[in-house]
Amino acid sequence: MNVAITYLIKDDKILLLFKSTRGYYVGPGGKQDGDETMYETARREFKEETGLDIKPKLASISTITSEENSEKKELTLLSFYADTFEGELLNRTPEGIISWQDVANLDNLPMFIGDKMLLQGLVSQLKNGAVPVRYAS
């Protein structure tokens, strides 16, 4: 299964989704549908969960393996970022509550440790002028 997650970072803030059912923050994203590209998945999922249109850029690709009921599952996660957007931001969706968070406060936010590490690395790269991989659309 392929999943896209996108972090919108603007003016030292990051747009995150708080999933009240899980009690932590995530980047907007979701599963790839049909024959869409992962770039299309990132744009569609971000729009559905935030109301905003973005032009995502690829930041990283990760493979996550888990085991449930003695069955191994593998997930390919493509992480994207964006720094510009158009549209009107939603406050809440069925997925959770959307809010801008200070990048400087990432350490204090409840997040899955893998997401937090990935996001901290991305923020560090961007602050140091390193541009992660670009995704050609």
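## Exercises on a predicted model

The largest pocket holds about 910 Å³ of space. The structure is a predicted model. Work through each task with the structure open.

### Exercise 1. The pocket lining

Task: Find which residues lie nearest the centre of the largest pocket, and state how many residues line it.

Solution.
- Step 1. Start with the lining, which comprises 28 residues.
- Step 2. Go to the centre. V3, R22, I64, L75 and L77 lie nearest to it.
- Step 3. Sort the lining by class. Twelve residues are nonpolar, six are polar and ten are charged.
- Step 4. Trace the elements. Each of these supplies at least two lining residues: the strands β1 (2–10), β2 (13–19), β3 (24–26), β4 (29–31), β6 (57–68) and β7 (71–82), and the helices α1 (38–50) and α2 (113–127).

### Exercise 2. The sides of α1

Task: Determine which residues of α1 are buried, and where they sit around its axis.

Solution.
- Step 1. Check the span of the helix. α1 has 13 residues and reaches 18 Å from first C-alpha to last, close to the 18 Å expected at 1.5 Å a residue.
- Step 2. Apply the cut-off. Buried means under 20% relative accessible area.
- Step 3. List the residues that pass. In α1 they are M38, Y39, T41, A42, E45, F46, E49 and T50.
- Step 4. Look down the axis. These buried residues cover an arc of only 160°, so they lie on the same side of α1.
- Step 5. Recall the helix geometry. An α-helix has 3.6 residues a turn, so residues three or four places apart point the same way.
- Step 6. Move past the end of the helix. G51 follows α1, and its phi is positive, near 85°.

### Exercise 3. The two faces of α2

Task: Say which residues of α2 are buried, and which exposed residues its opposite face carries.

Solution.
- Step 1. Check the span again. α2 has 15 residues and reaches 21 Å between its first and last C-alpha, close to the 21 Å expected at 1.5 Å a residue.
- Step 2. List the buried set: D115, K116, L119, L122 and V123.
- Step 3. View α2 down its axis. The buried residues fall within an arc of 130°, so they line one face of the helix.
- Step 4. Turn to the face away from the buried side. I113 and M117 are exposed there.

### Exercise 4. The nonpolar core

Task: Name the residues of the largest nonpolar core that touch the most other members, then place L119.

Solution.
- Step 1. Take the whole core, which has 17 residues.
- Step 2. Pick out the members with the most contacts to other members. They are Y7, I9, I14, L16, L106, L119 and L122.
- Step 3. Find the elements behind this core. β1, β2, β7 and α2 each supply at least two residues. β1 gives the most, with four.
- Step 4. Place L119. It is in helix α2. Its relative accessibility is 0%, so L119 counts as buried.
- Step 5. Compare its position with D33. The two residues are 86 apart along the chain, and their C-alpha atoms are separated by 25 Å.

### Exercise 5. Positive phi outside glycine

Task: Locate D12 and S70, and decide whether each is buried or exposed.

Solution.
- Step 1. Read the angles. D12 is not a glycine, yet its phi is positive at about 60°. S70, also a residue other than glycine, has a positive phi near 65°.
- Step 2. Locate D12. It lies in the loop between β1 and β2.
- Step 3. Locate S70. It lies in the loop between β6 and β7.
- Step 4. Apply the cut-off for exposed, over 50%. D12 has 54% relative accessibility, so D12 counts as exposed. S70 has 68%, so S70 counts as exposed.

Technical notes. Residues numbered from 1 in each chain as written. Predicted model: local features only at pLDDT ≥ 70, side-chain atom pairs only at ≥ 80, totals over all residues. Heavy atoms only, no water. 1 Å grid on protein atoms, 1.4 Å probe; cavity = no way out; pocket = protein on both sides within 12 Å on 5 of 7 lines; lining within 4 Å. Points joined across faces, edges and corners; volume = space filled by probe spheres on them. Nonpolar A, V, L, I, M, F, W, Y, C, P; charged D, E, K, R; others polar. Expected span 1.5 Å × (residues − 1). Buried < 20%, exposed > 50% of the residue type's maximum accessible area, 1.4 Å probe, protein only. Arc of directions from axis to C-beta. Core = buried A, V, L, I, M, F, W, Y, C linked by side-chain atoms within 4.5 Å.
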